[in-house]
Each structure stands twice: as C-alpha cells, then as structure tokens.
Amino acid sequence: MQTGAAIEPRTSLTPSRLVPILVSVLLFGFGAFGFLIEAWGYGLLLIATVALFFGAGLFFIFILTRYFDTQSLKQTFVGLLRLGGWLYVLGVAALSGFFVDETLHGRMELNWILFGPTVLAAVIFLDLGVYRLLIKKNLPTWQRFGHLVSRDLSDPESMRRTLVDDVIMHRSLLSVSRFRWFKHTLIFWGFSLMFGAEILAVFVREAIPAFGMRDIWEELDHPIRRAFDFAYDFTGLMVLLGCVLALIWRVVVNGKPEQKYSDTPTALFLFFVVLSGFVLEGARISVAGADAMNLASFVGVVFSYGFSDGGDIASAIYQPLWYVHVFGSCAFIAYVPVKRLIHSCATPMGRLMNSQTDLLAAKKKASIRGLLIGKQTD
Ligand code: HEM
C-alpha cells in the first residue's frame, strides 16, 4: 500500500484553503468590531489542540506500528492535522480581532498591546522558517522518491527503537560523552517540558476565566497555581544549568575538533532569556514579599534576595526588565530556524528516516536506475 504519492505540494489557493482564510478574515472583523468575546478564540484554540493531539497520536500509530488499515488511518490523521491547523488559524484570527477591539476601547495596557503582534510575528517567522527548511527543501527528493515510501516496506520496530534511543534518550550522545549528554539533556528536557507547561498554562490562565469559570491563576496559594510556579522554576533551572555547562564546555574545547559540536550563540541566547526571567521573577517576589506563598517559585525566591533595598530597585526595574525578557523570548522563537537550533526538528526526522533501511535501499536502487537510464539515453 503506497503512502507517499498522495502527499503532494499544494501551493495554489484551492477552495479548501480559501474558505478557512475567508472565515478567518470574518472572525477577525467580527472580533475587531466587538461582536466576539475572547471565549470564541480560546474555544477554537482548545478544539484545535485536541484535533492536533489526536492527529499526532494517530500519525505515531501509523509510523510506529502496523495497527489499523493503512489508508483509513492515513486519511484520519491527515484530516485531523489539517483540521487542527486551520482551527488554530481561526482561533488566532478571532483572538486578534478581540484584542484589537479591546485596544481601541482603551482596555489594554501598552505592554500587552505591543506583545500581541510581536509574538504573532515571531510564531509566523518560526512556522515559515520550519516550512522552508524542512519541507520545501526536501520537496524535490519527496517528489522523486515519495512513491517508494510505503508502510509495508517500513520497519516499525526499528523506528520505535530509534525514537526511544536517539530522539528521547539521545543514547548516541551518551555513548560519546556522559558530560555532553547531561548538558544537552538538561537543555532539551528543560526546554521541552517548559514549552508543554506553557501550553497548559494558556488554558488555565487565559481560557478558563474567558469561559466564565473560576480564575485560579490569581489565587497564589491554589495547588494548581503552585504546581505551575514550581514547574516553571524547575524546568527553567534545568535550562539555565544546561546552558552554563554548555558555555563552560565551549571554553574547554576552544580550538579543538569538538568545538564544531557546540552552538554557543544558541546557548548564550537561551541563557540570557532564562536568566532575565528569573531576575524578573525575583523582582516581582521582592516587591510582593518572599512569603510562604511563593516558595513554589524557589529559584525566584533566591533571586529576590538580590534586591535587598526593600523593593525600590525591584519596582524601578520591573517594567523595563519585563520588556527585555518578553521580547527576548519572542526573538528566541524567531531565532529557531535562523541558526543551528533547527537541528531540534531536523535531527529527529533524519534519524527516524535513517532507521528505515529497506526504504533507503529502495531509494538507492531508484537513484542508480535513474543514473543508468540517463547514461543510456546520453
Ligand atoms: C530530539 C531532538 C534533538 C536532538 C536529537 C538533538 C541533538 C543534539 C546534538 C547531537 C547536539 C551536539 C551535542 C554535543 O555533541 O555535545 C546538540 C546540541 C545542542 N542542542 Fe540539541 N537536540 C535536540 C533538541 C534540542 C532542543 C529542543 C533544544 C532546545 C533549545 C536543543 C538545544 C541544543 C543546544 C543549545 C546545543 C548546543 C550545546 C552546546 O553548545 O554545547 N536541542 N543537539
């Protein structure tokens, strides 16, 4: 059963694209003229997340097992991922319209007015960069050899092994050096878990109150709020330590062959973003008072001791530091496809593909056949 031929590049404005684009424009317009409450945007984003979650789950069942009929499984996960992607666009359009209306009516503070378009631009830049580097660049190969990619020829067991060993555990790096594995594991898991926590936090912090339910984010002693505070500080600390180790390692290997495995601009950038976050948190806790309620933010509490003047400096620097940290984080999102950090998406894809020896052999055969035919016709 072939799986590759059906996935073709779609560059034209087909009706299946035009309709959601028009609906997005309408939702934006309704929102901007005050006809939509924010629950619309968050509701669409919630359904999008569920669709993407199940679509990704079915995709993994597709590549990691032989369960279920290939064609129907493929149709279902492609449909769910497409639906999730478009619902995400609709949700962002509805929310953008709503926030435009809030801004025009003077209900938004300046920092949030500036934050909205900045984060949107950063995410669009990230999406376009990932598309350009991972999809557009590989399209010629896909168009030539995609028809050879079939679920029957694939080897799910070796795909599962590679997923666990190389993508989740990074065993090849461990076999090279325990230290390098440890520094990378701190950065990789710290960053990935923090990203997951932030997605959940958007729903707890923004969507639940938007649906008219109890706003537990404002209750600093609520166990869920404390769990988030702890998760942010714990994962942030992992990233910070990982970056410090990466920078120390960079100094140690300076001028040696291993230097080529370092990515110092990324390690520095990430270090700066996380450090500015902890200083900001320390300033906030210093102004509010480092009482028991903040103990879940254990790293922020330690940083708050750096402001020993009764909170005067902390109050003065809080707002400028907020801009530095928040816009620094947006810049980091946009930076992902610019330099070597794109390896976080490209390396797992490459390793999973390389685990498929039969598929690669079929591709090699087709290339050699193509070369021979080319020679004969010369
Ligand atoms: C499955 C996904 C990933 C794989 C397979 C992977 C693999 C690698 C490898 C093999 C290295 C070279 C490390 C060395 O030789 O010491 C590296 C470096 C690095 N990776 Fe990843 N990575 C992944 C995801 C990520 C993610 C999500 C981040 C988070 C931001 C990240 C951040 C970094 C950084 C900052 C470096 C440079 C470290 C240094 O300068 O010492 N990686 N990665």
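**An all-helix chain and its ligand shell**

Helix α2 makes a handy way into this predicted model. With 27 residues, α2 covers 39 Å from its first C-alpha to its last, close to the 39 Å expected at 1.5 Å a residue. Its buried residues are Glu38, Trp40, Gly41, Tyr42, Leu44, Leu45, Ala48, Ala51, Gly55 and Phe62. An α-helix has 3.6 residues a turn, so residues three or four places apart point the same way. As for what the buried residues of α2 pack against, the partners are α3 and α8, the latter spanning residues 178-210.

Stepping back to the whole chain, the secondary structure amounts to 14 helices and zero strands. Going along the sequence, the pattern simply reads α-α-α-α-α-α-α-α-α-α-α-α-α-α. Along the principal axes, the C-alpha atoms take up a box of roughly 85 × 60 × 40 Å. The chain has 378 residues, and 20% of them count as buried. Among contacts with a separation of 6 or more, 77% come from residues 24 or more positions apart.

How sure is the predictor of all this? The average pLDDT for the chain is 90, and 94% of the residues score at least 70. The stretch 1-8 is another matter, as pLDDT stays under 50 there. For those residues the model has 19 contacts beyond four places in sequence.

Back inside the fold, there is a largest nonpolar core of 21 residues, in which Leu44, Leu87, Leu90, Ala93 and Ala94 touch the most other members. Helices α1 (15-32), α2 (38-64) and α3 (70-104) each put at least two residues into this core. The biggest giver is α3, with twelve residues. Apart from this core sits another one, made of 19 residues, including Leu270, Val274, Ala283 and Ala314. In soluble globular proteins, nonpolar side chains tend to be buried together. Leu44 gives a closer look at the largest core: setting aside neighbours within four places in sequence, Leu44 is in contact with Leu87, Leu90, Gly91 and Ala94. Leu44 is also one of the buried residues of α2, while Leu87, Leu90 and Ala94 are, like Leu44, among the core members that touch the most others.

Then there is the ligand. In total, 24 residues surround the ligand, and the closest are Arg180, Ala246, Tyr261, Ser262 and Ser344. The elements that supply two or more residues to this shell are α8, α9 (223-252), α10 and α13 (343-354). The largest share, seven residues, comes from α8, a helix that the buried residues of α2 also pack against. By type, the shell splits into eleven nonpolar, nine polar and four charged residues.

A couple of residues in loops have backbone angles worth a look. Most residues other than glycine have a negative phi, and most peptide bonds are trans. Phe68, however, has a phi near 70 degrees, a positive value in a residue other than glycine. Phe68 is found in the loop between α2 and α3. It counts as partly exposed because it has 13 C-beta neighbours inside 10 Å. His170 also has a positive phi, about 55 degrees, although it is not a glycine. This residue belongs to the loop between α6 (156-168) and α7 (171-176). With 18 other C-beta atoms within 10 Å, His170 is therefore partly exposed.

Two more spots round off the tour. Gly289 sits in the loop linking α10 (264-288) and α11 (298-304). Is Gly289 buried or exposed? Gly289 has 10 C-beta neighbours inside 10 Å, so it counts as exposed. From Gly289 to Ser304, 15 residues away in sequence, the C-alpha to C-alpha distance is 8.8 Å.

The other spot is Ile113, which lies in helix α4, residues 110-136. Ile113 is partly exposed because 14 other C-beta atoms lie within 10 Å. Which residues does Ile113 touch, not counting residues up to four places away in sequence? The answer is Thr103 and Met108. Between Ile113 and Leu36, 77 residues apart along the chain, the C-alpha atoms are separated by 18 Å.

Definitions and conventions: Residues are numbered from 1 along each chain as its sequence is written. This is a predicted model: local features need pLDDT of at least 70, side-chain atom pairs count only at pLDDT 80 or more; totals for chains, interfaces and linings use all residues. A nonpolar core is a set of buried Ala, Val, Leu, Ile, Met, Phe, Trp, Tyr and Cys residues joined through C-beta atoms within 7 Å. A residue is buried if 20 or more other C-beta atoms lie within 10 Å of its own, exposed if 12 or fewer, and partly exposed in between; C-beta atoms are placed from the backbone. Helices (H or I, at least four residues) and strands (E, at least two) are DSSP runs, numbered from the N terminus. Two residues are in contact if their C-beta atoms, placed from the backbone, lie within 7 Å. The expected span of a helix is 1.5 Å times one less than its number of residues. A residue is near a molecule or strand if its C-beta atom, placed from the backbone, lies within 6 Å of it. Ala, Val, Leu, Ile, Met, Phe, Trp, Tyr, Cys and Pro count as nonpolar, Asp, Glu, Lys and Arg as charged, and the others, Gly among them, as polar. pLDDT is the predictor's confidence in each residue, from 0 to 100.
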